[in-house]
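Colleague: Could we go through this model together? I would like to begin with the overall picture and then turn to particular residues.

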Amino acid sequence: MRRRTILQSLGLVGAGLTAGTAKAHPLPTDDGPVTPAGTPTGGDPLGSLDLPGARELVTSPDGHTAYVATGAGIALVDIVSPANPRLLAERTDLLADSADGPMAYVQDVAVSDDRLLVVGPAHPADGAHGLVVFDVSDRENPDRVTAYETATRIHNCDFDGRYAYLAGVGRVDSPLVVVDTETGTEVGTWALPDADETWREVPASVRPLHDVTVQDDHAYLAYWDAGTWIVDVADPAAISLVARVRGRDRATLAAVDDPATDRRESPGNDHFVTVDGDAALLGVGGESWDLSDDGSGGPSGIELFDISDLTAPESLATIDPPDTSDPSVGGVLTTAHNFELTDGRLYSAWYNGGVRVHDVREPGDPREIFRWRNSATASFWTAQRGAGCFLATSTNQNTGSEVTPGVYAFPDPAIDAPVATATDDALGAAGDGFGVVSAIAAAGLAAWRLRR
């Protein structure tokens, strides 16, 4: 495997700074997705910022800055005033100084204090593969301090300020890869065959490592149909298995007739995993579609686990996905995507299904306290808490719609408040096209954005 490290401080590449503007979304057409009848919505967004390519978003420790993966690179967004999100800086052409550069497809970022980890590409693409670390202590002038190239693409990641924890998609056995960003060396790996070599009998396409979260010397790994696993990373050179949280039986997966379809339909498809602040509550989200004619597929939800005893995870509850009029690829996608567990709340994104907030202080009985959805104009990638608000990125990837990518700011609901809902008349009718009421609802959002 070819690797090259760049450890000295380097000049910025593609360091253009541009002003952000917000504009109205176009009115819906008969070709767009529809919010199903009877779906309640919550209060209006506080503000928004159009941002091409927006995907993953994380917030600074003080909640005043959003760091956004934009495909072409990263953007830093000021959210001190949630009603007026403002673009501070952009960095593109990452790893352009590489012989293979630049990095083509940035989809994930992670932050630790004043260091931001950026990885890519997420999918097969020409260009450099690897990671870049930025010093973001000056929000308007993020400074690249470290870079590391890999021989495989990287979808998702986590970061503790020194070690980068990478989902090694495309590498043999799809391992967790740990890189010491201070020395520029790979220091450890772990994959399913390290727990049991017979996992190699399972088609690789149904057991990729899709996501990783690290907290308190433990990594939580979403291995798609093979489920979610917990490993001890206190010593990255000697990673050890702690527990398997959930997942389909290995022998069943080894006998799958059609892995390409099976990996995209439920059950299975552990896509995203995270824990709350004290790592006592674990959330696992699935991502799935309906690819067959028998109606066996469809969107997946978020399952909550008590992991106060790491060796004995206990399932507590499952939050079901929002309704959809078309669960197929290119339809009205309402499966779970990325989310955050913090301070007794679960902030979640459901593509065309909108954003939701749940009170999870009693995780066995999660209570929805906020929801907002307009399938015609927004499709959400992630939801993350900020200062006095929560943020979500709207994306036009995997949505079958012409939504405008960007950052939305929503009111952070009082945890004891009842959920605000709208009447069915404000939502429109389900179907293949837009009814009159649906067009009115979308026009209302467009008018709100125009006022912004």
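Modeller: What follows is a discussion of a predicted model.

Colleague: How many helices and strands are there in the protein chain?

Modeller: The protein chain has four helices and 29 strands. Of its 452 residues, 56% count as buried.

Colleague: And what surface does the chain expose?

Modeller: The exposed area is about 16700 Å², and carbon and sulfur atoms supply 46% of it.

Colleague: What share of the contacts between residues at least 6 apart join residues at least 24 apart?

Modeller: That share is 57%.

Colleague: Let us turn to charges. How many salt bridges does the count come to?

Modeller: The count comes to 23 salt bridges. One of them pairs Asp135 with Arg115, with the closest N and O atoms 3.3 Å apart. This pair links distant parts of the chain, as Asp135 belongs to strand 9 (residues 130–135) and Arg115 to strand 8 (residues 115–120), 20 residues apart.

Colleague: Is Asp135 buried or exposed? And how does Arg115 count?

Modeller: Asp135 is buried, with a relative accessible area of 18%. Arg115 counts as partly exposed, at 25% relative accessibility.

Colleague: Which residue forms a salt bridge with Arg248?

Modeller: The partner of Arg248 is Asp225, and their closest N and O atoms are 2.8 Å apart. Arg248 lies in the loop between strand 18 (240–246) and helix 2 (250–254), while Asp225 lies in the loop between strand 16 (218–222) and strand 17 (228–232), so the salt bridge ties together parts that are 23 residues apart in sequence. Both Arg248 and Asp225 are buried.

Colleague: How far apart are the closest N and O atoms of Arg371 and Glu368?

Modeller: They are 2.5 Å apart, and the two residues form a salt bridge. Arg371 is partly exposed, with a relative accessible area of 22%, whereas Glu368 counts as buried at 15%. Elsewhere, Asp343, Arg345, Arg385 and Asp412 are joined into one network by salt bridges that share partners.

Colleague: Which residues form the negative surface patch?

Modeller: Asp160, Asp216, Asp217 and Asp278 form a negative surface patch. Asp278 lies in the loop between strand 19 (270–275) and strand 20 (281–286). The relative accessible area of Asp278 is 55%, over the 50% cut-off, so Asp278 counts as exposed.

Colleague: What about Asp216: where is its place?

Modeller: Asp216 is in the loop between strand 15 (211–215) and strand 16. Asp216 counts as exposed, at 54% relative accessibility. Its phi is positive, about 50°, although Asp216 is not a glycine.

Colleague: Why remark on the sign of phi?

Modeller: Most residues other than glycine have a negative phi. Ala279 also has a positive value, with phi near 55°. Ala279 is in the loop between strand 19 and strand 20, and it is buried, with a relative accessible area of 12%.

Colleague: Moving to the peptide bonds, which residues does a cis bond join?

Modeller: A cis peptide bond joins Gly120 and Pro121, with omega about -5°. Pro121 lies in the loop between strand 8 and strand 9. A cis peptide bond also joins Ser266 and Pro267, with omega about 0°. Pro267 is in the loop between helix 3 (259–262) and strand 19.

Colleague: I should also like to look at Val177. Where is it found?

Modeller: Val177 is in strand 13 (residues 176–180). Its relative accessible area is 5%, under the 20% cut-off, so Val177 counts as buried. Leaving aside neighbours within four places in sequence, the contacts of Val177 include Ala164, Tyr165, Leu166, Glu186 and Gly188. The C-alpha atoms of Val177 and Val187, 10 residues apart along the chain, are separated by 8.0 Å.

Colleague: And Thr185: in which strand is it found?

Modeller: Thr185 is in strand 14 (residues 185–190). Thr185 is partly exposed, with a relative accessible area of 34%.

Colleague: Which residues is Thr185 in contact with, leaving aside its neighbours within four places in sequence?

Modeller: Thr185 is in contact with Tyr148, Val178, Val179 and Asp180. Tyr148 is 37 residues from Thr185 along the chain, and their C-alpha atoms are separated by 8.2 Å.

Conventions:
Residues numbered from 1 in each chain as written. Predicted model: local features only at pLDDT ≥ 70, side-chain atom pairs only at ≥ 80, totals over all residues. Heavy atoms only, no water. Salt bridge = Lys/Arg side-chain N within 4 Å of Asp/Glu carboxyl O. Helix = DSSP H or I, 4+ residues; strand = E, 2+ residues; numbered from the N terminus. Buried < 20%, exposed > 50% of the residue type's maximum accessible area, 1.4 Å probe, protein only. Patch = residues over 30% accessible without salt bridge, like charges linked within 9 Å, V, L, I, M, F, W, Y side chains within 5 Å. Areas by Shrake-Rupley, 256 points an atom, 1.4 Å probe, with all protein chains shown as cover. Lys, Arg positive; Asp, Glu negative; His and termini not counted. Charge placed at Lys NZ, Arg CZ, Asp CG, Glu CD. Contact = heavy atoms within 4.5 Å.
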